[in-house]
Amino acid sequence: MGEHAPLIVIIGGGFGGLAAAKALRKTPARVLLIDRTNHHLFQPLLYQVANAELTPGQIASPIRAILRKQRNTTVILGEATAVDTERRCVFVDSVDRERVPISYDYLILATGSGHSYFGHDEFERFAPGLKSLANAVAARNKILQAFEQAEAEEDPTRHADLLTFVLVGGGPTGVEMAGALAVLVRNTLRSDFRRIDPASARVILVDGGSRVLGTFAENLSRAAKARLERLGVQVRLGHVVDEIDADGVVVAGEHISSKTVIWTAGVSPSPAGKWLKAETDRAGRVRVLKDLSVPGHPEIFVVGDTASLDQDGRPLPGVAQVAMQQGRYAARLIDRRLTGRAVPAPFRYFDKGNLAVVGRGFAVLQAGKVRLSGFLAWLVWAAVHLEFLAQSNLRVSVFVQWVWTYLTGQRGSRLIVHYPGSDRQKAEPDAAGDARVAAVSPR
Ligand SMILES: Cc1cc2nc3c(=O)[nH]c(=O)nc-3n(C[C@H](O)[C@H](O)[C@H](O)COP(=O)(O)OP(=O)(O)OC[C@H]3O[C@@H](n4cnc5c(N)ncnc54)[C@H](O)[C@@H]3O)c2cc1C
């Protein structure tokens with residue numbers, strides 16, 4: 001590809017950005033994909049890393065490896081920090097340089113979202129979220145370490161708060177975490193300890209809404225809640241968490257002692273709207289036109305979790321399918337413009353359905369008029385997730401691990417690994433001289 005060919009810059013190699021890059025493989029243009037991590041992450045399976053079922057390497061692939069055969073595409077490790085829409089350039093911090101200006105003819109922003117603590121950012125220190133591989137490994141460390149601490153603790157009165165796990169948020173991630181954690185404590189760890197009984201651990205799921213899985217049909221929410229309760233999860237609905245600190249959470253005036261609180265309640269979009277000085281919705285997502293471009297900038301597209309678009313009077317959800325379909329659409333539109341063909345009809349999301357897994361061998365499925373819960377839905381869930389993993393080696397390895405776990409109850413990665421400077425937990429003496437665990441939340 002000649003150096004004068006148009007340059008399409010994609011920021012973000014997640015679901016939206018990667019789908020756009022792949023769809024541009026035959027476009028007569030240079031494609032530059034920039035991501036602040038070197039890997040494409042399959043976020044729907046993060047909870048399985050947090051629960052020691054899969055290893056980080058089974059749910060993420062180097063972006064460079066995925067796109068290695070795409071001759072028109074270059075991958076750069078770097079973090080976008082600003083966009084100059086007048087000069088048509090994006091500023092990127094790379095490994096050893098800051099604010100490197102990179103010019104573009106077309107720009108696709110697919111920078112996803114992070115956690116939202118709904119105005120309580122102070123909660124993050126005690127209740128890390130689940131968004132990156134570092135988050136998932138930190139959560140795994142925290143969960144496994146709680147059992148180790150309890151086994152080492154001679155005073156049985158201190159076991160209860162160590163073995164109480166609170167999950168904040170009853171959406172798909174909270175439900176999937178709660179189900180997997182319940183199976184971990186009741187089955188996988190059953191015979192591994194001598195002083196404590198892992199099955200005595202409490203898993204508590206808290207949500208301010210009136211049901212779990214609020215975006216699913218009511219009967220599926222009921223089925224998921226019943227399944228969680230059968231697994232031993234305490235589901236507390238209708239109350240938000242008022243406080244979180246190193247000793248636990250306060251819900252509806254009740255203090256629940258816990259050393260492990262995990263936040264799955266909310267997301268906030270990337271700052272792309274600020275970079276562009278564009279109109280955003282209340283959550284901060286960039287309001288895009290029906291062709292996914294930014295008003296006044298037909299050369300800039302925003303896709304995925306960081307874009308806001310209504311369809312049939314309702315905002316599109318922040319899910320992988322929306323991001324992938326939008327990424328492909330933006331790519332097709334740019335390709336047609338560059339090749340002088342008619343642009344496609346406005347973007348329309350095709351909803352293939354929603355799935356959530358609850359423990360082992362049970363899922364809920366909602367697709368059009370189909371509503372299903374149980375083992376069959378779980379088989380569909382497993383097939384869909386395997387299909388969407390980025391590379392075939394991951395599909396084989398995850399499939400084998402799932403079969404092994406299903407048959408034996410054993411998990412793939414029950415390791416406590418602290419990476420220097422990332423998620424190390426340090427013991428800080430408190431006023432009474434006791435050692436308390438202070439989690440330094442990773443980002
Ligand atoms: C725990 C969890 C479970 C989920 N489960 C499901 C599920 O079961 N089904 C489903 O459909 N959806 C699920 N989702 C939602 C789904 O993952 C998102 O909707 C989807 O990832 C959005 O795609 P995206 O391309 O917008 O962003 P992402 O996939 O998040 O990708 C954003 C990319 O941009 C990069 N990036 C961000 N900022 C910068 C920057 N400044 N510079 C450079 N690079 C940057 C990031 O490193 C990342 O690679 C889940 C999400 C989470 C967190």
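A polar contact is a pair of N or O atoms within 3.5 Å; within protein, one must be able to donate a hydrogen and the other to accept it, and residues adjacent in sequence count only if both atoms are side-chain atoms. The model is predicted, so local features need pLDDT of at least 70 and side-chain atom pairs count only at pLDDT 80 or more, while totals for chains, interfaces and linings use all residues. Residues are numbered from 1 along each chain as its sequence is written, and side-chain values use heavy atoms, with hydrogens and water left out.

**Exercise 1.** Find the polar contacts of the ligand with Asp35, Gln43 and Ala110.

Solution.
- Step 1: Asp35 places a polar side-chain atom 2.6 Å from a ligand oxygen atom.
- Step 2: for Gln43, a polar side-chain atom is 2.8 Å from an oxygen atom of the ligand.
- Step 3: at Ala110 a polar backbone atom takes part, 3.5 Å from a ligand oxygen atom.
- Step 4: of the 990 Å² of accessible area that the ligand has on its own, the protein covers 88% (Shrake-Rupley method, 1.4 Å probe; for residues, only the protein chains shown count as cover).

**Exercise 2.** Describe the shell of residues around the ligand.

Solution.
- Step 1: 27 residues are around the ligand (a heavy atom within 4 Å of it), and Gly16, Asp35, Gln43, Ala80 and Asp305 come nearest.
- Step 2: sorted by type, the shell has 10 nonpolar, 12 polar and 5 charged residues (nonpolar: Ala, Val, Leu, Ile, Met, Phe, Trp, Tyr, Cys and Pro; charged: Asp, Glu, Lys and Arg; polar: the others, Gly among them).
- Step 3: at least two shell residues come from each of α1 (15–23), β5 (73–84) and α9 (320–338). Helices (H or I, at least four residues) and strands (E, at least two) are DSSP runs, numbered from the N terminus.
- Step 4: β5 gives the most, with 3 residues.

**Exercise 3.** Is Val403 buried, partly exposed or exposed, and in which helix is it?

Solution.
- Step 1: Val403 is in helix α11.
- Step 2: the classes are buried, under 20% relative accessible area; exposed, over 50%; and partly exposed, in between (1.4 Å probe, protein chains only).
- Step 3: Val403 has 35% relative accessibility and therefore counts as partly exposed.

**Exercise 4.** Is Gln311 buried or exposed, and which backbone nitrogen does its side chain reach?

Solution.
- Step 1: strand β22 (residues 310–311) contains Gln311.
- Step 2: Gln311 counts as buried because its relative accessibility is 14%.
- Step 3: the Gln311 side chain reaches the backbone nitrogen of Tyr349 at 2.7 Å.
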